Amino acid sequence: MRSIQTARLSPYVAALNALKEDKRLRWLKPREGIDFASNDYLALGSAPRIKQAMVAGLEAGTPVGAGGSRLLRGNCEEHEQLESEAAQFFGAEAVLFFGGGYIANFAILSTLPQRGDLLVLDSLVHASIHEGARAGRAEYRIHAHNDPQSVEDTIRDWRTKGGAGRVWIVAESLYSMDGDFAPLEELVAIADRQDAFLIVDEAHATGAYGHQGRGLTAPYHRRENLIVVHTCGKALGAAGALVTAPGILRDFMVNRCRSFIFATAPSPLMAVAVREALLILQDEPERQQRLARLVAFAHRQINSLGLRTPSTSQIVPYIIGDNAHAMRLAAAMQARGFDIRGIRPPTVPAGTARLRISLTLNVGEADVRAMLDALSEVTRGSF
Ligand code: PMP
């Protein structure tokens, strides 16, 4: 069918043409080929136990839709049960369940820091953190990636210039596009020394790292200055986000966070799925161990090929630079049956377009070997 093209739509046509010109036009592609692209790190996305828990929930009367805000009739037993079990699991004082990590980050960043406060963001934190910071009232500054000295310098500089409010340091524990880890121990120490709060987005670490998948912040749980976002749509195979925080901050969000107050509560059925995922983490620690073995295997192979990557984790970027070249390589891998996606600016900094290779339990060592053979072929061995 011919697409609708009227004068009213012409600014959008021009914008899309500009993106096309710049090799940055995006389009939706179907799921095809061997999974080297998803964040389904523990393969819980297809776990029979989660499906069964949802079917049993439905049969027992769990509603699909909450029917309203948590502050009205949308607050269901399933949300409360999940939050209390998650608080136990993560060793947190309190937990608040959101419909997703994006909305959770936006909610925290736009609600907790107040006018006169300073937000200190790592240059590679997720778009949702930037959006929340922009929507909030605090001033914010961006510091060099994974550089604790730069965090401390930024705070000192702000105080020297008269900054007197609270400071909020924001980091990811495992960065989504570079696959490198934050210097958490140092960030915790800086937060203590500077009397600051620390917000950690564990999106890509929850389930995959820490004792039974409690994340990389697990050693620091129950600190009054720590807020952690555990997303449920990646290693947990479901959807949503569990925010752990001191109870007072949870209560404040329930009262003041507009994206919590004025939104329909997440599906109670999804709360059932996430509860089951947390139980699987505890019952089946071998999933986490299998992932660690697969990651170690893949990195040994990658090193022996001479492929350079900043990563030591299950997220392996192969940085190409040029947008069009990255997309051509991704297409060549897809044509060989490997679902690898190209990632371009603005998702990553300009000039760092890349293949983002994701390692999950949806593949085994033989798949990794075959994928790397194909990658050598399409790049003619020159990494
Ligand atoms: N934080 C990070 C670091 C992410 O990578 C993502 C997902 N792209 C999110 C937050 C958003 O989480 P969700 O997909 O659950 O909205």
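**Domain arrangement, ligand shell and central strands of the predicted model**

The centres of domain 1 and domain 2, taken over C-alpha atoms, are separated by 28 Å in this predicted model. Domain 1 is assembled from two stretches of the protein chain, 25-41 and 314-378, whereas domain 2 covers 48-283. The contact between the two draws 11 residues from domain 1 and 10 residues from domain 2. On the side of domain 1 that touches domain 2, strand β9 (residues 315-321) is the leading contributor, with 3 residues. That side of domain 1 comprises 6 nonpolar, 3 polar and 2 charged residues.

The UniProt record, an unreviewed entry, places the feature "domain: Aminotransferase class I/classII large" at residues 32-374. Within this span, helix accounts for 41% and strand for 17%, and the C-alpha atoms at its two ends lie 16 Å apart.

The ligand is surrounded by 13 residues, of which G100, G101, Y102, S176 and A203 are the closest. Helix α4 (residues 101-111) supplies the largest share of this shell, 3 residues. In terms of residue class, the shell around the ligand contains 8 polar, 3 nonpolar and 2 charged residues.

Strand β7 (residues 226-231) is largely enclosed by the rest of the structure, because 6 of its 6 residues are buried. The side chains alternate in direction: L226, V228 and H230 point one way from β7, while I227, V229 and T231 point the other way, and all of these residues are buried. Strand β7 pairs with two further strands. With strand β6 (residues 197-201), the pairing is parallel and extends over 4 bridges; here L198 stands opposite L226 of β7. With strand β8 (residues 241-245), β7 runs antiparallel and is joined by 4 bridges, and A241 in β8 is the bridge partner of T231.

Strand β8 also pairs with β2, in the antiparallel sense, over 5 bridges. In this pairing A94 is found opposite A245 of β8. Strand β2 (residues 94-98) is itself mostly covered, with 4 of its 5 residues buried.

Several loop positions show notable backbone geometry. Most residues other than glycine have a negative phi, and most peptide bonds are trans. Q212, which is not a glycine, nevertheless has a positive phi of about 50 degrees, and R222, likewise not a glycine, has a positive phi of about 65 degrees. Q212 is located in the loop between β6 and β7, and R222 is also placed in the loop between β6 and β7. Their surroundings were assessed by counting neighbours. Q212 has 16 other C-beta atoms within 10 Å and is therefore partly exposed. R222 has 12 C-beta neighbours inside 10 Å, so R222 counts as exposed, given that the exposed class extends to 12 or fewer. A cis peptide bond occurs from P345 to P346, with omega near 10 degrees; P346 belongs to the loop between β11 (341-343) and β12 (353-358).

A further loop residue, G61, lies between α2 (48-59) and α3 (77-90). G61 counts as exposed because it has 7 C-beta neighbours inside 10 Å. From C-alpha to C-alpha, G61 and S123 are 45 Å apart in space, with a sequence separation of 62 residues.

Conventions: Residues numbered from 1 in each chain as written. Predicted model: local features only at pLDDT ≥ 70, side-chain atom pairs only at ≥ 80, totals over all residues. Domains from an automatic or database assignment. Contact = placed C-beta atoms within 7 Å. Nonpolar A, V, L, I, M, F, W, Y, C, P; charged D, E, K, R; others polar. Near = placed C-beta within 6 Å. Buried ≥ 20, exposed ≤ 12 C-beta atoms within 10 Å, placed from the backbone. UniProt positions renumbered as here; feature names shortened; annotations may be inferred. Pairing = 2+ DSSP bridges.
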